[in-house]
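Visitor: Could you take me through one part of this model in close detail? I'd like a connected account rather than a list.

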Amino acid sequence: GTYGGINRPTAFSGGAPSTGNTFWGSKYKATTAPVAVNLLTDMRNLYNTIGSNLEPPNLIIMDQDWFEIYEEFGVDQSQIAKKTGGLADLGFETLLFKGKDMIWDAGVTNNSAFFLNTNYIDVVYHPAMWFDITDFKPMPTSTSRVAHIFCMYNVISTQLRRHGLLYT
């Protein structure tokens, strides 16, 4: 769509995104097959493309399969550290890519990764619909009552060009 008369690329919908003002829109990159071999190269390319030597993403959210592929790369290159008591721990609670946090989420579409810059993501609420409460209503077959609380908000980005999507 357009915003302020600027034509932006449309949202990703499974295929390649439509063209628009590439400066204004998010960056998209299709992975190179096979993913198990080329994931790091594709991640590096998208990360550098988004950052443009200015401000790179600071959070990467991906699906579990890609996260585990990346974890395999890390285990292959890690040094074993013994814990007190003589046991070695090879599990990682946190993974980093170029020093930035990387997590997986079950809600992420399979075979995709979001490269986000959280400095430009905000939650904006509607002041006329923020924690409005309804009257208490009796519950059927119970002596308790219930009231509903309404909130209206939206997650926005002030610089879409600071985000990207790696997809298959």
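**The nonpolar patch and its surroundings**

Guide: Let's start on the surface of this predicted model, where strands E8 and E11 (149-157) each supply at least two residues of a nonpolar patch. E8 gives the largest share, six residues. The full membership is Ile-121, Val-123, Tyr-125, Trp-130, Phe-131, Ile-133, Phe-136, Ile-149, Tyr-153 and Val-155, and together they have about 1000 Å² of accessible area.

Two of these members are good places to zoom in. Take Tyr-125, which lies in strand E8. Its relative accessibility is 45%, so Tyr-125 counts as partly exposed; the cut-offs here are under 20% for buried and over 50% for exposed.

Phe-136 sits outside the strands, in the loop between E8 (121-133) and E9 (137-138). Phe-136 also counts as partly exposed, because its relative accessibility is 48%. Now look at what lies across from this loop residue: Phe-136 and Val-146 are 10 residues apart in sequence, yet their C-alpha atoms are 5.2 Å apart in space. If you skip residues up to four places away in sequence, Phe-136 touches Arg-145, Val-146 and Ala-147.

Next, follow the chain back from E8 into the loop that links E7 and E8, and you'll find Asn-117. Here the picture is one of cover: Asn-117 has a relative accessible area of 0%, so it is buried. Its side chain reaches the backbone nitrogen of Asn-119 at 3.0 Å. Setting aside neighbours within four places in sequence, Asn-117 is in contact with Glu-55, Pro-56, Pro-57 and Asn-58, and also with Arg-162 and His-163.

One more step back brings us to E7 itself, residues 112-116. This strand is mostly covered, with four of its five residues buried. E7 has two pairings worth tracing. One is with E4 (residues 59-62): the two strands run antiparallel and are joined by four bridges. In that pairing, Leu-59 stands opposite Leu-116 of E7. The other is with E12 (residues 164-167), again in the antiparallel sense and over four bridges. There, Phe-115 stands opposite Gly-164 in E12.

So what should you keep in view as you rotate the model? Keep the nonpolar patch, with E8 as its main supplier at six residues, then buried Asn-117 in the loop between E7 and E8, and finally the mostly covered strand E7, paired with E4 and with E12.

Technical notes. Residues numbered from 1 in each chain as written. Predicted model: local features only at pLDDT ≥ 70, side-chain atom pairs only at ≥ 80, totals over all residues. Heavy atoms only, no water. Buried < 20%, exposed > 50% of the residue type's maximum accessible area, 1.4 Å probe, protein only. Pairing = 2+ DSSP bridges. Contact = heavy atoms within 4.5 Å. Polar contact = N/O pair within 3.5 Å; in protein donor to acceptor, adjacent residues only side chain to side chain. Patch = residues over 30% accessible without salt bridge, like charges linked within 9 Å, V, L, I, M, F, W, Y side chains within 5 Å. Areas by Shrake-Rupley, 256 points an atom, 1.4 Å probe, with all protein chains shown as cover. Salt bridge = Lys/Arg side-chain N within 4 Å of Asp/Glu carboxyl O.
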